[in-house]
Amino acid sequence: MNFFENTRKPQGFGGKLMTKMMNIGHAKLSQWGFSNISVNPDAAVLDVGCGGGANIVAWLGKCGNGHVAGMDYSEVSVAESQKLNAAAIKQGKCCVVQGDAFAIPFPDAVFDYVSAFETVYFWPGLEKCFFEVNRVLKNGGTFLICNESDGTNAADEKWTKLIDGMKIYTSDQLIAALKEAGFTEIKTYSNTKNHWISIVATK
């Protein structure tokens, strides 16, 4: 397995290293993504594909009276996220579970926000996964997607060759899948300089 496969599913020592790199490397993208939404401090949140757990930390900072759940299908990511957020887990403000985006292990209509930072590239069957996100969101809930690649930069395609199962989507492709999954109000934000994209969809 080449090292970059760890971006899809961190494993072993290389995976631990990748989760730490993700936490640092995605920080600016995350800040920009968060700037496109307003957050209720009492919110219940799910971060899907939580990686190294840095975005759980960010959510906890915004939802001081709420609860933040993290989910990843990588054992390494779950362990690293739990380690980083150990204090919040001990206080009952956070939990991190192992699970897949196509079968999210939570009941219907329990979250105010679901976020997906740098992860939808790897979700098998986008509409099915987006339907699952819709299912666990409360009515009026928000789904935040943030990607460093907006599908318009040819240089990004090298990653799809390096990383098995990775697909880069344009905003139009993401919007079509979101509509198919039942999302109504969909807003798109672009950072054209960096080819970043953020989509905010409301149930």
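Here is a friendly exchange about the packing and salt bridges of this structure.

Biologist: What kind of model is this, and how are residues numbered?

Modeller: The model is predicted, so to speak of local features a pLDDT of at least 70 is needed, side-chain atom pairs count only at pLDDT 80 or more, and totals for chains, interfaces and linings use all residues. Side-chain values use heavy atoms, without hydrogens and water, and residues are numbered from 1 along each chain as its sequence is written.

Biologist: Which element gives the largest share of the largest nonpolar core?

Modeller: A nonpolar core is a set of buried Ala, Val, Leu, Ile, Met, Phe, Trp, Tyr and Cys residues joined through side-chain atoms within 4.5 Å. Buried means under 20% relative accessible area, exposed over 50%, and partly exposed in between (1.4 Å probe, protein chains only). The largest core here has 32 residues, with Leu46, Trp123, Phe130 and Phe143 having the most contacts inside it. Its largest share, five residues, comes from helix H6.

Biologist: Which elements do the buried residues of H6 pack against?

Modeller: Helices (H or I, at least four residues) and strands (E, at least two) are DSSP runs, numbered from the N terminus. The buried residues of H6 include Phe130, Val133 and Val136. They pack against S1, S4, S5 and H8.

Biologist: Which residues does tryptophan 123 contact, leaving aside its neighbours within four places in sequence?

Modeller: Contact means heavy atoms within 4.5 Å. Tryptophan 123 is among the residues with the most contacts inside the largest core. With those neighbours left aside, its partners are Val48, Ala101, Ala116, Cys129, Phe130, Val133, Phe143 and Tyr169.

Biologist: Is glycine 141 buried or exposed?

Modeller: Glycine 141 sits in strand S5. Not counting residues up to four places away in sequence, glycine 141 touches Asp112, Ala201, Thr202 and Lys203. With a relative accessible area of 3%, glycine 141 is buried.

Biologist: How many residues apart in sequence are the parts tied together by aspartate 108 and arginine 135?

Modeller: A salt bridge is a side-chain nitrogen of Lys or Arg within 4 Å of a carboxyl oxygen of Asp or Glu. Aspartate 108 and arginine 135 meet in one, at 2.8 Å from N to O. Because aspartate 108 is in the loop between strand S3 and S4 while arginine 135 is in helix H6, the pair ties together parts that are apart in sequence by 27 residues.

Biologist: Is glutamate 80, the salt-bridge partner of lysine 83, buried or exposed?

Modeller: Lysine 83 and glutamate 80 have their closest N and O atoms 3.4 Å apart. Both lie in helix H4, three residues apart. Lysine 83 is exposed at 56% relative accessible area, whereas glutamate 80, at 7%, is buried.
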